[in-house]
Amino acid sequence: MAIDRDSVLTAAVGVLSRQPTAHLDEIARAAGISRASLHRIFPGRDALIREVGLLALRRYNTALDTAAIETGNAADALRRLAEILAPDAALCAFLAGENQLFDDPELCALWEDQDARVRAFFLRGQQEGVFRIELSAGWLSEAFFDLLAGVGWAVQDGRLAPRDSAFALIELFLGGALRSPSTS
């Protein structure tokens, strides 16, 4: 029987986003395979962590492209982005909790490129009068990503229904990020 690599990565995200120090035995068990089978796909923990990191960053980049954050009303673009990212919030939770990824120059470069796009998006929204100007675009980017990671953890722990995750993310973030008429 062939082992589905994507299923193994998905299982790894489920474990590693909540337990960054989880052993390969735990990940293999969650994937429904033996540790030996896991080693045939990924030669070690570092390789698995790196592949999950690449998966997360690829999906994040695809979401940025699909949401077309560089065009249209910034609040609408943020809603589109949240709708697209919410199903993969556990991947953001993984990225937020895995320090080993910061040692990989390729992953860091990918993250920096994507973060620069999101910062530019928030800056555009500030310049258009959509987002608050007393908070830096860098902070809005960081806060959005961290809130998305929180959504991932809340869904995994059963504190937030998956079908409500995008709504919760959008409402909480925009409720604090939208510029109010009194601060104009």
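Let me begin with the inside of this predicted model, where the largest nonpolar core brings together 57 residues, and where Phe122, Phe131 and Phe144 are the ones with the most contacts inside that core. If we ask which elements give two or more residues to this core, they are helix 1 (5-16), helix 2 (24-31), helix 4 (45-67), helix 5 (74-85), helix 6 (89-97), helix 7 (105-127), helix 8 (137-156) and helix 9 (162-177). The element that gives the most is helix 4, with 11 residues.

From the core I would like to turn to the largest pocket, which has a volume of about 280 Å³. Its lining is made up of 14 residues, and the closest to the pocket centre are Leu95, Ala96, Phe102, Trp111 and Phe145. At least two lining residues come from each of helix 6, helix 7 and helix 8, with helix 7 supplying the largest share, namely 5 residues. Sorted by class, the lining holds 9 nonpolar residues, 4 charged ones and 1 polar one.

Finally, let us look at a single residue, Thr71, which sits in the loop between helix 4 and helix 5. Is Thr71 buried or exposed? Its relative accessibility is 46%, and because exposed means over 50% and buried means under 20%, Thr71 counts as partly exposed. Once its neighbours within four places in sequence are set aside, Thr71 is in contact with Ala77, Arg80 and Arg124. As for Leu85, which is 14 residues away from Thr71 along the chain, the C-alpha atoms of the two residues are separated by 18 Å.

Definitions and conventions: Residues are numbered from 1 along each chain as its sequence is written. This is a predicted model: local features need pLDDT of at least 70, side-chain atom pairs count only at pLDDT 80 or more; totals for chains, interfaces and linings use all residues. Side-chain values use heavy atoms; hydrogens and water are left out. A nonpolar core is a set of buried Ala, Val, Leu, Ile, Met, Phe, Trp, Tyr and Cys residues joined through side-chain atoms within 4.5 Å. Buried means under 20% relative accessible area, exposed over 50%, partly exposed in between (1.4 Å probe, protein chains only). Helices (H or I, at least four residues) and strands (E, at least two) are DSSP runs, numbered from the N terminus. Contact means heavy atoms within 4.5 Å. On a 1 Å grid over the protein atoms alone, a cavity is a set of points where a 1.4 Å probe fits but cannot get out, and a pocket is an open set with protein on both sides within 12 Å along at least five of seven lines; lining residues have an atom within 4 Å of a point. Grid points are joined across faces, edges and corners, and a volume is the space filled by probe spheres set on the points. Ala, Val, Leu, Ile, Met, Phe, Trp, Tyr, Cys and Pro count as nonpolar, Asp, Glu, Lys and Arg as charged, and the others, Gly among them, as polar.
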